[in-house]
Amino acid sequence: MDTLETYFLCDGCQTAESVARRLADFISTARRTIDMCIYSFKLGPEVREIVAGALQERERAGVKIRIAYDAALNPQPPIPEVDNFTKWTTPDFVKSLGFPSKGISGERALMHNKYIVIDVGTPQARVWTGSANFNDDSWNLQDNNILILASERLADIYTYDFNDLWKDGRVESDCINDSSEETLEYKGEPAHVVVNFSPCEGEWIDESLTRQIERTTERVTLAFAVLTSGNMLEALYGRMERGIPFDGVYDASQMEGVKYQWELVPDNHWKIGAFIEIVEYGKLVGKKSIPWTPVSTHDFMHNKVMVLDDVVVTGSYNFSRHAQQNAENSLIINSASLARTYRDYIDMLKAKYANWPGRASDDGFMQGQAAPPGGKARQVTIPRPYSNPA
């Protein structure tokens with residue numbers, strides 16, 4: 001049987017309840033331990049009942065459960081009209097579950113992982129990872145990818161990362177065991193997986209992904225929320241100049257915020273032109289999401305994916321300089337079959353958002369559209385890069 005599984009989410013393609021049940025099924029297989037390392041964890045009552053119920057059942061069976069979360073994720077108080085559960089922050093929600101937990105903090109850095117490790121140290125060990133946070137918008141409205149890795153070796157390295165965060169509640173790492181690799185199986189074929197953890201491996205991840213782009217000779221396929229790394233932009237631009245085919249999808253609203261920030265820094269002005277040329281060259285499709293606020297609908301194109309020839313890059317790691325400082329996990333997977341699967345998914349997203357007008361935001365206008373004739377011009381706050389729960 002395959003030891004690597006994939007699960008894809010898109011805006012409106014599934015319900016939060018269906019994702020919760022899939023996660024509950026994963027949790028239900030645990031026999032000894034469950035370690036959850038989640039940036040954002042906050043679910044509505046019905047979905048909470050599914051996930052909490054699965055965890056409580058495993059605890060009664062003797063499984064030890066720990067939950068690590070980002071301690072800085074504490075948005076401003078929402079408006080009083082909203083339902084009670086939406087007032088909870090991630091720390092509030094995690095504490096309400098009643099399991100051992102710890103907030104992880106950093107100096108201008110996020111604990112940005114989204115992974116679960118079950119039954120470490122046993123042949124049944126598995127890892128749930130990818131780009132999806134554990135909240136209703138992530139599971140219902142955002143575009144995300146999830147992987148399940150059945151590997152005792154990879155579970156060991158994820159658990160080492162978890163324990164490193166847990167021991168002192170800090171993003172900063174001891175820089176030991178921050179990288180590992182394993183050959184898994186996908187669709188009956190080998191899939192070589194390399195896993196790296198930042199912040200210690202942050203610069204190496206950026207350099208490694210840049211080199212992987214530079215080695216690409218046949219096709220570049222992208223799906224991302226933000227792309228700000230100068231090294232990666234240069235490498236992509238170089239592939240474009242060589243005529244390598246590009247395609248993909250990105251979050252147009254988030255990247256408008258990024259371009260605004262680039263305009264403020266003269267040394268970054270070149271990135272604006274380079275990004276625009278890459279988008280036009282590859283006919284990249286931009287999803288018109290609602291600009292981020294703590295209480296807005298969070299409907300981002302939230303993947304962090306590159307498919308470079310037969311190599312898939314994914315994980316929690318955004319393609320940004322800031323990601324190098326965060327607690328993140330990045331996967332580089334060499335598998336032609338997996339590359340085809342991811343490209344099929346991204347092709348679906350491209351078709352979905354090519355003529356998508358966006359949804360109504362809190363001011364009543366459609367994101368991406370002008371105000372109606374005679375109407376008041378819409379005042380949009382430019383989203384700051386890294387200010388959203390990406």
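**View 1. The buried residues of helix α8 in this predicted model.** Eight names make up the list: Ala252, Ser253, Gln254, Met255, Gly257, Val258, Lys259 and Trp262 are buried. These buried residues pack against two helices and three strands by name: α7 (230-241) and α9 (269-282), with β12 (220-224), β13 (246-251) and β14 (285-287).

**View 2. Helix α8 from end to end.** The helix holds twelve residues, 252-263. At 1.5 Å a residue, α8 should span 16 Å. Its end C-alpha atoms are 16 Å apart, so the expected span and the model agree.

**View 3. The N-terminal cap of α8.** Asp251 caps this end of the helix. A side-chain oxygen of Asp251 lies 3.2 Å from the backbone nitrogen of Ser253. Ser253 is also among the buried residues of α8.

**View 4. A nonpolar patch on the surface.** Tyr260, Leu264 and Val265 make this patch, which covers about 270 Å². Val265 sits in the loop between α8 and α9. Its relative accessibility is 36%, so Val265 counts as partly exposed.

**View 5. Ile50 and its contacts.** Ile50 belongs to helix α2, residues 45-60. Ile50 counts as buried because its relative accessibility is 14%, under the 20% cut-off. Leaving out residues up to four places away in sequence, Ile50 touches Glu17, Ala20, Arg21 and Ala24. Val19 is 31 residues from Ile50 along the chain, and their C-alpha atoms are separated by 9.9 Å.

Notes
Residues numbered from 1 in each chain as written. Predicted model: local features only at pLDDT ≥ 70, side-chain atom pairs only at ≥ 80, totals over all residues. Heavy atoms only, no water. Helix = DSSP H or I, 4+ residues; strand = E, 2+ residues; numbered from the N terminus. Expected span 1.5 Å × (residues − 1). Buried < 20%, exposed > 50% of the residue type's maximum accessible area, 1.4 Å probe, protein only. Contact = heavy atoms within 4.5 Å. Polar contact = N/O pair within 3.5 Å; in protein donor to acceptor, adjacent residues only side chain to side chain. Patch = residues over 30% accessible without salt bridge, like charges linked within 9 Å, V, L, I, M, F, W, Y side chains within 5 Å. Areas by Shrake-Rupley, 256 points an atom, 1.4 Å probe, with all protein chains shown as cover. Salt bridge = Lys/Arg side-chain N within 4 Å of Asp/Glu carboxyl O.
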